[in-house]
Amino acid sequence: SPLLLLPLILLSTSGFATPAAAAGWEEHGELSPKILIVYHSRTNWTRALAEVVRTGILESGEPATVRMRLVANATCDDAKWADGIIAGSPVYFAAISSELKAYMESWQDCFGWPTTKDVMKNKVGGAFCTGGQQASGRDTTMMGMLAVMTSCGMTVTGGPTAYGASAFHPDSARAPNFTDEEIGNAKYLGQRVQQLARLLSKGTTKCKMGSENGLR
């Protein structure tokens, strides 16, 4: 597949996308899914793939609130706020980066156990990663992120591939660029999490409404 140069959308120091990039994507009603994209990136490749995931959500034509967070700036409040969480990591020895894993582990410290499952159980999770070798452990890295999510009671989904979306970067010193297939897979992942989060959000609201009316 031909390589496409991916223009980066600048992020603010808080980890959010710039206001211009996010314009027009405020929350539309209580059923509009809120999606957190949280990632760790040292060479900008994982950050660039996070932007592709976000672009997929924005291009879906469906309402959504998208929050971008560098993992260093992510908080437990971000996780609690979200209807869907899409986590991204570079591949480090076939596993999640310690920075992202520490953030996901912090959920238990913030919410307690087993209370964490009550906080996270109606959220949808997805994963993406970038690796510098063809057989660098991208599958196991995404499986690691999904394993944390399922342990917390979340509902997880993959992309066109089994575990999410990934990209190969043979030279981390180069500007990020992805193949058409990698871009398509990342966009699909964002849209898939968005769609499932909307469905679960609607179901949760109906259950709450029924409970208020004495229904079970």
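**Exercise 1.** Is phenylalanine 93 buried or exposed?

*Solution.* Remember that this is a predicted model.
- Step 1: Find phenylalanine 93 in the loop between strand 4 and helix 4.
- Step 2: Take its relative accessible area, which is 86%.
- Step 3: Exposed means over 50%, so phenylalanine 93 is exposed.
- Step 4: Now look at the backbone: phenylalanine 93 has a positive phi of about 50°, although it is not a glycine.
- Step 5: Alanine 94 lies in the loop between strand 4 and helix 4, and its phi is positive too, at about 65°. With 31% relative accessibility, alanine 94 counts as partly exposed.
- Step 6: These angles deserve a second look, because most residues other than glycine have a negative phi.

**Exercise 2.** Work out how strand 2 sits among its neighbours.

*Solution.* Let's begin with the side chains.
- Step 1: Lys34, Leu36 and Val38 point one way from strand 2, while Ile35, Ile37 and Tyr39 point the other way. In a regular strand, side chains alternate between the two faces of the sheet.
- Step 2: Six of the six residues of strand 2 (residues 34-39) are buried, so the strand is largely enclosed by the rest of the structure.
- Step 3: Strand 2 runs parallel to strand 3 (residues 65-70), joined by six bridges. Here leucine 36 has arginine 67 as its bridge partner.
- Step 4: Between these two strands the chain passes through helix 2 (residues 45-59), making a right-handed β-α-β crossover.
- Step 5: Strand 2 also pairs with strand 4 (residues 84-90), in the parallel sense and over five bridges. In strand 4, isoleucine 85 stands opposite leucine 36.

**Exercise 3.** Decide whether arginine 138 has a salt bridge or lacks one.

*Solution.* Try the distance test.
- Step 1: Locate arginine 138 in helix 6 (residues 138-151).
- Step 2: The nearest side chain of opposite charge belongs to glutamate 182, 4.6 Å away.
- Step 3: A salt bridge needs the charged atoms within 4 Å, so arginine 138 has none, although it is buried.
- Step 4: Among the residues that arginine 138 touches are Val91, Cys129 and Phe168.

**Exercise 4.** Which peptide bond is cis, with omega near 10°?

*Solution.* Follow the chain to the loop between helix 4 (98-111) and helix 5 (115-120), where proline 114 is found. The bond from tryptophan 113 to proline 114 is the cis one. Most peptide bonds are trans.

**Exercise 5.** Where should you read the model with care?

*Solution.* The chain averages a pLDDT of 81, and 78% of the residues score at least 70. Over residues 1-31, however, the pLDDT is below 50, and over residues 205-216 it is below 50 as well. Where pLDDT is low, the predicted coordinates should not be read in detail.

Key: Residues are numbered from 1 along each chain as its sequence is written. This is a predicted model: local features need pLDDT of at least 70, side-chain atom pairs count only at pLDDT 80 or more; totals for chains, interfaces and linings use all residues. Side-chain values use heavy atoms; hydrogens and water are left out. Buried means under 20% relative accessible area, exposed over 50%, partly exposed in between (1.4 Å probe, protein chains only). Helices (H or I, at least four residues) and strands (E, at least two) are DSSP runs, numbered from the N terminus. Two strands pair if DSSP finds at least two bridges between them. A crossover is right-handed if, with the strands pointing away from the viewer, the path from the first strand over the helix to the second runs clockwise. pLDDT is the predictor's confidence in each residue, from 0 to 100. Contact means heavy atoms within 4.5 Å. Lys and Arg count as positive and Asp and Glu as negative; His and the chain ends are not counted. Lists of a residue's contacts leave out its neighbours within four places in sequence.
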